Amino acid sequence: MDYQPIWLTFRLATITSAILLVLALPVAYWLAFGKFKGRGVVEAVIGLPLVLPPSVIGFYLLLAFSPSYWFGAWIEKVLGLRLVFSFPGLVIASILYSLPFMVYPIRAGLQSLPASLREASYTLGKTEMQTFFKVLLPNCKPAILTAFVLTFAHTVGEFGVVLMIGGNIPGVTKVASVAIYNEVEALNYGVANQYALILFAITFVILLLVYSINNRLLRVRQSA
Amino acid sequence: MSDSQLNIAIRHTLHTAQGILPMEVSFSLEKAAIMALTGHSGAGKTTLLKQIAGLLMPEEGNIKTENSAWLDTQNQISLPPQQRNIGFVFQDYALFPNMTVAENLTFALPKGGDRTIIKELLEATGLENLSGRKPDQLSGGQQQRVALARALVRKPELLLLDEPFSAVDPDMRYQLQELILKFHKLFQFTAIIVTHETSEIFRLADQVGIMENGKLPQFGPPAQVYLNINQPEKDLYIHGEIINYTKTADCIFANALIDNKIRLVKLPLGMEENILAGKKFTLSLSLRSPEILWLS
């Protein structure tokens, strides 16, 4: 059995989750507390991956990334990067595809904090930025952990989008879910089973760890 | 009043459960005065407090202190809460759960601020031994002491307290009132405290304002406001418990427990059945009879 697809899957999930965490923090804060018009539009766009078939997202990303269209051509000209059938392309697609899984739990976590925490920090002379990093974020750790792991797991489980824009290049875009599909197509059920079992076991352990940690964090807080 | 330290005039529209309510409030406080703000819930007390703090923006208004204008909507001046020299004590304490007691206080210290104030405040509040604890390991009274200490770290000229003692028992309430008076002597801040307790108003405040439907129809020293006969009686209640009583020729004197203190209450004859020992009662302060005699 070739372990490369497994390794690639977790590399993709780790990079995607790390970049998304950084991107999602300001977006979640903005959605939670920002005063602006058109919030509904932004929310709808972020939420699209939750309801759209992955093949639809994959299809449009394929068009967007393709050098035959202006965005893909522009990226290739400016950055010298071809996004279609490449690992960077997979990362960008995964970021878009998993965006709601990172943004929504963090936003919910921020909104669940009493408003008085923010207000108290302001009355103590602290700026919005200081308040965000020193008061708000440390007090919604469970939400951030949940968001990170959901994003990670969602990226591991990606199939449609990856297949559409990444294809099946070993070591570059052939992730575990695609490898399983290929092995089944080739009637190699034994290998498919091995891939599937490894994915199953690892994701289960990760989820188990997260929920145990979260329960402990929450229990500490409730014991007040 | 040109010599007053704090001048407040605010016009706003309140959106309450009962509908839209025009809010119009103006008053002045002398330097280092303690004002109690009372009235029914929904009258706009917390809104007013947050507008003074800069946490809410009124439609129109002026807030001027001795040295600066915090709010002047005509001239488009509105300092953010960070730049108003205030301390705010929240009803739910609003302690930061991720920080210990000492860290909560240190957080309030401006960059390069003198750390001795933190030690002083921890000592004065009796919290030195608890300084390493997180807020969720403290009792309600202890948390409230931390909140009070934290609000004083920056030595504010104005301390705002939003029903600070509503969740603590009468004993603790009494101790916390003492603490406020002690700190007031020490730091000489001006204070506005939202409270529903008549005894608290008499104990702490130089001035009391009764808020009603977004207005402040009554404002003045507590004795003057509360003994005003024209007062609508629904506003002013005092609760207590009868301990014992003696009957004289023309009235009944009862010893009663009111807010943890024994007070003498004068009652008219013919109320014997109602004043059995242990019986709880509510008296309206605005009525001449039954009347309350304040004993020190």
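**Note on a predicted two-chain model**

1. H4(B) gives the most to the lining of the largest cavity, contributing three residues. The model is a predicted one, and a search of the whole structure finds one cavity of 30 Å³ or more. The space inside the largest cavity comes to about 40 Å³. Its lining draws on both chains, with A:Ala120, A:Thr123 and A:Leu124 from chain A, and B:Phe88, B:Ala147, B:Arg150 and B:Ala151 from chain B.

2. Which helices each supply at least two residues of the lining of the largest cavity? They are helix H6 of chain A, covering residues 115-123, and helix H4 of chain B, covering residues 140-152. When the residues of this lining are sorted by class, five are nonpolar, one is polar and one is charged.

3. The second largest pocket has a volume of about 560 Å³. Of the 20 residues that line this pocket, the closest to its centre are A:Phe33, A:Lys35, A:Arg118, A:Tyr122 and B:Leu55. Helix H1 of chain A, which spans residues 4-33, supplies at least two residues of the lining, and H6 of chain A does so as well. By class, the lining of the second largest pocket consists of ten nonpolar, four polar and six charged residues. A reader following H6 of chain A will therefore meet it in two places, since it supplies at least two residues to the lining of the largest cavity and at least two to the lining of the second largest pocket.

4. Chain A as a whole is described by its helices, for it has eleven helices and zero strands. Read from the N terminus on, its elements run α-α-α-α-α-α-α-α-α-α-α. Taken along the principal axes, the C-alpha atoms of chain A fill a box of roughly 65 × 45 × 30 Å, and of the 224 residues of this chain, 45% count as buried.

5. In chain B, strand S8 (residues 158-162) deserves a careful look. Five of the five residues of S8(B) are buried, so this strand is largely enclosed by the rest of the structure. Both of its faces are covered, with B:Leu158, B:Leu160 and B:Asp162 buried on one side and B:Leu159 and B:Leu161 buried on the other.

6. In which sense does S8(B) pair with strand S7 of chain B, residues 86-89? The two strands pair in the parallel sense, over four bridges, and the bridge partner of B:Phe88 in S8(B) is B:Leu160. B:Phe88 has also appeared above, as one of the residues that line the largest cavity. S8(B) pairs in the parallel sense with strand S9 of chain B (residues 190-194) too, over five bridges, and here B:Leu158 stands opposite B:Thr190 in S9(B). Between these two strands the chain crosses from S8(B) through H5(B) to S9(B), and this β-α-β crossover is right-handed.

7. Side chains of opposite charge can pair when their charged atoms come close. The structure holds ten salt bridges over all chains. One of them joins B:Glu24 and B:Arg11, whose closest N and O atoms are 3.6 Å apart. Because B:Glu24 lies in strand S2 (residues 19-29) of chain B and B:Arg11 in strand S1 (residues 6-16) of chain B, the pair ties together parts that are 13 residues apart in sequence. B:Glu24 is partly exposed, at a relative accessible area of 40%, and B:Arg11 is partly exposed as well, at 43%. These two residues also belong, with B:Glu60, to a network of salt bridges.

8. A further salt bridge links B:Arg203 and B:Glu178, with their closest N and O atoms 2.6 Å apart. Since B:Arg203 lies in helix H6 (residues 198-204) of chain B and B:Glu178 in helix H5 (residues 170-187) of chain B, this pair ties together parts that are 25 residues apart in sequence. B:Arg203 counts as partly exposed at 25% relative accessibility, and B:Glu178 is partly exposed at 37%.

9. Are the two partners of the salt bridge between B:Asp72 and B:Lys64, at 3.9 Å from N to O, buried or exposed? B:Asp72 counts as buried because its relative accessibility is 7%, where buried means under 20%. B:Lys64, by contrast, is partly exposed, with a relative accessible area of 33%.

Technical notes:
Residues are numbered from 1 along each chain as its sequence is written. Chains are lettered from A and ligands numbered from 1 in the order in which they are written. This is a predicted model: local features need pLDDT of at least 70, side-chain atom pairs count only at pLDDT 80 or more; totals for chains, interfaces and linings use all residues. Side-chain values use heavy atoms; hydrogens and water are left out. On a 1 Å grid over the protein atoms alone, a cavity is a set of points where a 1.4 Å probe fits but cannot get out, and a pocket is an open set with protein on both sides within 12 Å along at least five of seven lines; lining residues have an atom within 4 Å of a point. Grid points are joined across faces, edges and corners, and a volume is the space filled by probe spheres set on the points. Ala, Val, Leu, Ile, Met, Phe, Trp, Tyr, Cys and Pro count as nonpolar, Asp, Glu, Lys and Arg as charged, and the others, Gly among them, as polar. A salt bridge is a side-chain nitrogen of Lys or Arg within 4 Å of a carboxyl oxygen of Asp or Glu. Buried means under 20% relative accessible area, exposed over 50%, partly exposed in between (1.4 Å probe, protein chains only). Two strands pair if DSSP finds at least two bridges between them. A crossover is right-handed if, with the strands pointing away from the viewer, the path from the first strand over the helix to the second runs clockwise.
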